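Please read the sequence and the 3D structure below side by side. The text after them goes through the chains, their contact and a few local features in turn.

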Amino acid sequence: MIKAILIFNNHGKPRLSKFYQPYSEDTQQQIIRETFHLVSKRDENVCNFLEGGLLIGGSDNKLIYRHYATLYFVFCVDSSESELGILDLIQVFVETLDKCFENVCELDLIFHVDKAGLAGAPARAVSAVKNMNLPEIPRNINIGDISIKVPNLPSFK
Amino acid sequence: MALKMVKGSIDRMFDKNLQDLVRGIRNHKEDEAKYISQCIDEIKQELKQDNIAVKANAVCKLTYLQMLGYDISWAAFNIIEVMSASKFTFKRIGYLAASQCFHEGTDVIMLTTNQIRKDLSSPSQYDTGVALTGLSCFVTPDLARDLANDIMTLMSHTKPYIRKKAVLIMYKVFLKYPESLRPAFPRLKEKLEDPDPGVQSAAVNVICELARRNPKNYLSLAPLFFKLMTSSTNNWVLIKIIKLFGALTPLEPRLGKKLIEPLTNLIHSTSAMSLLYECVNTVIAVLISLSSGMPNHSASIQLCVQKLRILIEDSDQNLKYLGLLAMSKILRTHPKSVQAHKDLVLQCLDDKDESIRLRALDLLYGMVSKKNLVEIVKKLMSHVDKAEGTTYRDELLTKIIDICSQCNYQHITNFQWYISVLVELTRLEGTRHGHLIAAQMLDVAIRVKAIRKFAVSQMSALLDRAHLVASSTQRNGICEVLYAAAWICGEFSEHLQEPQQTLEAMLRPKVTTLPGHIQAVYVQNVVKLYAAILQQREQAAEPEAAQDVTQLMVERLPQFVQSADLEVQERASCVLQLVKHIQKLQAKDVPVAEEVSALFAGELNPVAPKAQKKVPVPEGLDLDAWINEPPSDSESEDEKPKAIFHEEEQRHVKQRQPEADEEELARRREARKQEQANNPFYIKSSPSPQKRYQDLPGVEHIPVVQIDLSVPLKVPGMPVSDQYVKLEEERRHRQRLEKDRKKKKKKDKEKKGKPRRHGSLHTESDEDIAPAQQVDIVTEEMPENALPSDEDDKDPNDPYRALDIDLDRPLADSEKLPIQKHRNADTCKSPEKEDVPVTEKKIKKLKKKEKKHKEKEREKKKGKEEEKVKPSKHKKKKHKKEKEERSKDKKKPKKKKPASDGAAEPVENGALDEDPLPPMSSYCLLAENAYVKMTYDIQGSLQKDSQVTVSVVLENQSSSFLKNMELSVLDSLNTKLARPEGSSVHDGVPVPFQLPPGVSNEAQFVFTVRSIVTAQKLKGTLSFIAKNDEGSTHEKLDFQLHFSCTSYLVTTPCYSDAFAKLLESGDLSMSSVKVDGISMSFQNLLAKICFHHHFSVVERVDSCASMYSRSIQGHHVCLLVKKGEKSVSVDGKCSDAALLGSLLEEMKATLAQC
């Protein structure tokens, strides 16, 4: 299961956060801060897994992250998830954002938080119940022909 | 009013939207907090507006602020308002905000139940979707209970988008409301074979997640998953299934054998690394489960290790990490095959990536042996020195200790070396694991007797250098080791070279800066030291020196007396008084040493940490019984003040008597035992003679082996663990030489003429290394009869425990999900925007009442349950049996609850204390013979207008094994059995399971129905093969399925205003029946109609009620039920006259039985 999805920038400012367990606002910020500290210390060419340990839940959990330009995408998951699968998922998530915003950058996330949240809907549905379900996406990941159905945003707004 | 609205909306044009807020925050970098608090004030104003668009905008901004860490729970009510907006754009904002900030503690959450239900049944799939997504984040036990049935219906929605979400959210519902698991499981299982891959993978996910926690309940699904695994091409689903198999194989080794081949194929064929990795992982799990039974899988292990090596050698750090992770799993069972790759692991230890180093450390744990322990630890120690960052250093430290202490120190040949390693570790700064080192020091010093002298000398040196260690006084810091050092020096003070010096070190003023618990130990051990010194001095006949020591104590102890820590203060003042007293005695030249040492006579033995828990309750001791009669509550003091004295005197006399008479006591005990034996509620202690409590053996019974020291105990200078490496090598070399010499002698003696084999051929194997000290490691004491139990580690609060539910047992129909029927107390109207809060508040109050009542009931049941369960604590032997019993106990109340609740619910405002209904079952007998009994129930669903599901429970009544069961039905023009594609009308439908003797299970069959207005009967046959010891026979059982009109009705709640409109519309035809001679109460009558005929109560006034239901094809059915003296009349209105006619006939039959 996915326990939380955190997106923050190189300075630790949260850009999008979603916790799938109730935490108080203070704890959430604390978790984001600590995660940022853990992740930001790491070099570019080290592995993308971190034992989250005390952060959320316990030792069963892992932090799986990717760093794109100015943004960190961190997924906190437990042992029932495939590590490599989540890495692919992050990739898909970012590509989805890219399609929504055309060359996504940090500012897009800042100014369109609500839309970004929605673009994450597939990833969200994933985590909606903290589970992986990307009906359209998964089939492609390992094959390479990514064709993501982005929920048509304009009709919602 | 209108003007105000227009004016309001013009004003609103200048409101900030989310973008403005974000921009504003970015422009106010310096005074962000101030700006935001100003914004929050604005938002508060906006929330007061009537305009829903304004509110939505405000809530949207709040959601953003929540992400930045601002508490927005105060706006919970406004969020609910926005959630109930009719426009999707607003609704979505509301649900998003709710999913961000609602949780179980949010009190307004119960107001949302109806809103969510409305959204769930909304015609727009997006409304339903957003409600499901939101609900998943804030579902509470109450919501789960109330909405479970609605969500279950959505699992068969026509749109895969909804089905998928509904399947996923069921997992959350199960967690919060475990009772729903069994009723919902058959449908969940169905979804595994959903045509839509998304829904399918959702179902796989949910079941995997459930099975991960309680795998044994899901073993029966293994064949289905096996089929999926071999047929699916979706890697994500495959990964999940393979992971699930990894959890199942330890329980069923046969499954493992079957898995090996397809998994190996996958490993060879797949190009996806993630899949490959998971396959390897599961193969490892399989091998682990097989390792005991089947020795010959070395090929598979080789394959795994080989693939993993490729991963580890890959330049991609991620793969390297995962490779090491999987390697550590193999290590546990097949250490040999991993040890071959030691080079690789040691190489990874130098990797620049911390995660990878940590994984490599894990692997090291299994690679140490007597031979290489010293070398490996040396390498780790050098890493400790180099490591930057305390976390990694702490990890190294714990690993060193883990590696050394594993399996009762089996790899340590030289404990002096270990102690010096520990002492070296104390030089680490800023570690959080001081207590770990301390615990090791204590453990080794206590359990390895031979090392005590050395340990004491090291510890006293440590106490001398305490100022270095104690610089950081944080708790759990390195200063914890002083705790151990002080204790060891005190307890084993007879080994101290210079006790006086150590005593002074422990009494330094600096000590008072240490944490309280350490100071307390200091005080205690100072006295031990003091006793030892006194003894020494008096034996040496130096009374003055002895008095000097006392003087020192009297001078220094007051610093502890002033401590702020209570423990230290208490101990210190106690000790101070004692020492002062000794001083007086000494002044009179009285020898005191003997008596002071007597304070600490005897030796302390190591006790296992769990020992206390495992002490069996001695026979005859009832921990729950009152020792004295509890004071009664009714007794009030000011009523009869005098009587108390009087009575007390009486009681006194009574009590004294038995004490005097020993015989009388024995007699009474016997009588009490007799009484207990006859009292079913008294928990009897098990009669097993083992349980009898026995005295623990004394110290001398602990086996201690003689120690043969071949290494000089005192190592010159400061001990550095490295020295030991050299020493150790020398020692081994010596040993080897000696051995060779002996061999030589032997050989020379025995075979003088034969040419000698070359001595250097001798290779050192692990067993050959004799330990430097023949050390007996004293085992920790455990109480007699302590039984090993694995239950110790289970967390009783684990939410997944509640989901440990047997899923193969067929559903009892009392277990059905509570179907929400309308609470009819006050005439409820359909919620419209304005009066939502009002009506809902009423409901809330009602609910609270109901809840309280239920809780009381639950408590009662719990009490009973506990009484039943208690004995099990005492009889651990019958563990398994009892577990079953317990689960039965648990199930019993569960079974009853929904039935009685379900029956009482619609009319709960009536007197609940009326006679309760017997549990009702909608399953009726289909057919029965010597082999099998069939009962069935028919249900329709609103989603499919021409389909009904027939659930047939098959119960094996014979001692034969029933298989190849097949159900064939003669279709009529109107009703047809849905058969798998491609099969002809005459084919039967196979039953998807087999039945061992005595087992029952439920199968579901779908029928398509064209017209539902008349009842019908279908003839059919169940054919099966009954197999027993004598052979197998082909058997048949004919039956007749009765499709009553009732089975086409689906319970649907209806609001009273909608109901009134429906009646007014005039396009319903009417009919009525009357039944005489009914004695049942009206309430139970209604409950019966609701249950058997799928109606819900719309409104009830005295002995008159209106009811509503809907057929699967959309016919409305309205009833007016009136109860007279001894009769009941039912007036029905329905959009189809024929349907109404048949329904009323059926109802008449039911009522006639009342």
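What follows describes a predicted model, beginning with the two chains and ending with side-chain pairs.

Chain A has 157 residues, of which 61% count as buried. Its secondary structure consists of six helices and five strands. Read from the N terminus, the order of these elements is β-β-α-β-β-β-α-α-α-α-α. Among the contacts in chain A with a separation of 6 or more, 51% are between residues 24 or more positions apart. The surface that chain A exposes comes to about 6000 Å², with 52% of it supplied by carbon and sulfur atoms.

Chain B has 1154 residues, and 48% of them count as buried. Its secondary structure comes to 44 helices and 15 strands. For contacts in chain B with a separation of 6 or more, residues 24 or more positions apart account for 71%. The accessible surface of chain B is about 59400 Å², and 52% of that belongs to carbon and sulfur atoms.

Next comes the contact between the chains. The size of an interface is often given as the accessible area lost when the parts come together. Here chain A and chain B bury about 5100 Å² between them, and 56% of this is on carbon and sulfur atoms. Chain A brings 55 residues to the contact and chain B brings 60 residues. Seven residue pairs are in polar contact between chain A and chain B, counting pairs with both residues at pLDDT 80 or more.

Which elements of chain A supply at least two residues each of the side that touches chain B? They are the strands β2 (14-19) and β3 (49-51) together with the helices α1 (25-40), α2 (83-101), α3 (106-111), α4 (113-119), α5 (121-128) and α6 (138-141). The largest share, six residues, comes from α2(A). By class, this side of chain A has 25 nonpolar, 17 charged and 13 polar residues.

Side chains of opposite charge can pair when their charged atoms come close. Between chain A and chain B the count is three salt bridges. In one of them, Glu81(A) meets Lys240(B), with an N to O distance of 3.6 Å.

Over all chains, the structure holds 27 salt bridges. A pair within chain B is Arg163(B) and Asp194(B), whose side chains meet at 2.9 Å, N to O. Arg163(B) lies in helix α10 (residues 160-176) of chain B, while Asp194(B) is in the loop between α11 (181-191) and α12 (197-213), so the salt bridge ties together parts that are 31 residues apart in sequence. Are these two partners buried or exposed? Arg163(B) counts as buried at 10% relative accessibility, and Asp194(B) is also buried, at 8%.

Other salt bridges lie inside a single helix. An α-helix has 3.6 residues a turn, so residues three or four places apart point the same way. In helix α17 of chain B, Arg309(B) and Glu313(B) are four residues apart, about one helical turn. Their side chains form a salt bridge at 3.0 Å, N to O. Glu313(B) counts as partly exposed, with 48% relative accessibility.

Helix α23 of chain B holds another such pair, Glu395(B) and Lys399(B), four residues apart, about one turn of the helix. The closest N and O atoms of this salt bridge are 3.7 Å apart. Glu395(B) is partly exposed at 29% relative accessibility, whereas Lys399(B) is buried at 9%. Salt bridges that share partners join Glu395(B) and Lys399(B) with Arg359(B) and Asp362(B) into one network.

The helices α17 and α23 of chain B also help to cover a further helix. In α20 (residues 342-349) of chain B, the residues Leu344(B), Val345(B), Leu346(B), Cys348(B) and Leu349(B) are buried. Their cover includes α17 (298-313), α18 (317-333), α21 (354-367), α22 (373-386) and α23 (390-409) of chain B.

One of these covering helices, α18 of chain B, contains Arg332(B). Where the buried residues of α20(B) fall under the 20% cut-off, Arg332(B) counts as exposed, at 67% relative accessibility. The C-alpha atoms of Arg332(B) and Tyr365(B) are 9.9 Å apart in space, while the two residues are 33 residues apart in sequence.

How values were computed. Residues are numbered from 1 along each chain as its sequence is written. Chains are lettered from A and ligands numbered from 1 in the order in which they are written. This is a predicted model: local features need pLDDT of at least 70, side-chain atom pairs count only at pLDDT 80 or more; totals for chains, interfaces and linings use all residues. Side-chain values use heavy atoms; hydrogens and water are left out. Contact means heavy atoms within 4.5 Å. Buried area is the accessible area (1.4 Å probe) that two parts lose on being put together, summed over both. A salt bridge is a side-chain nitrogen of Lys or Arg within 4 Å of a carboxyl oxygen of Asp or Glu. A polar contact is a pair of N or O atoms within 3.5 Å; within protein, one must be able to donate a hydrogen and the other to accept it, and residues adjacent in sequence count only if both atoms are side-chain atoms. Ala, Val, Leu, Ile, Met, Phe, Trp, Tyr, Cys and Pro count as nonpolar, Asp, Glu, Lys and Arg as charged, and the others, Gly among them, as polar. Buried means under 20% relative accessible area, exposed over 50%, partly exposed in between (1.4 Å probe, protein chains only). Accessible areas come from the Shrake-Rupley method with a 1.4 Å probe; for residues, only the protein chains shown count as cover.
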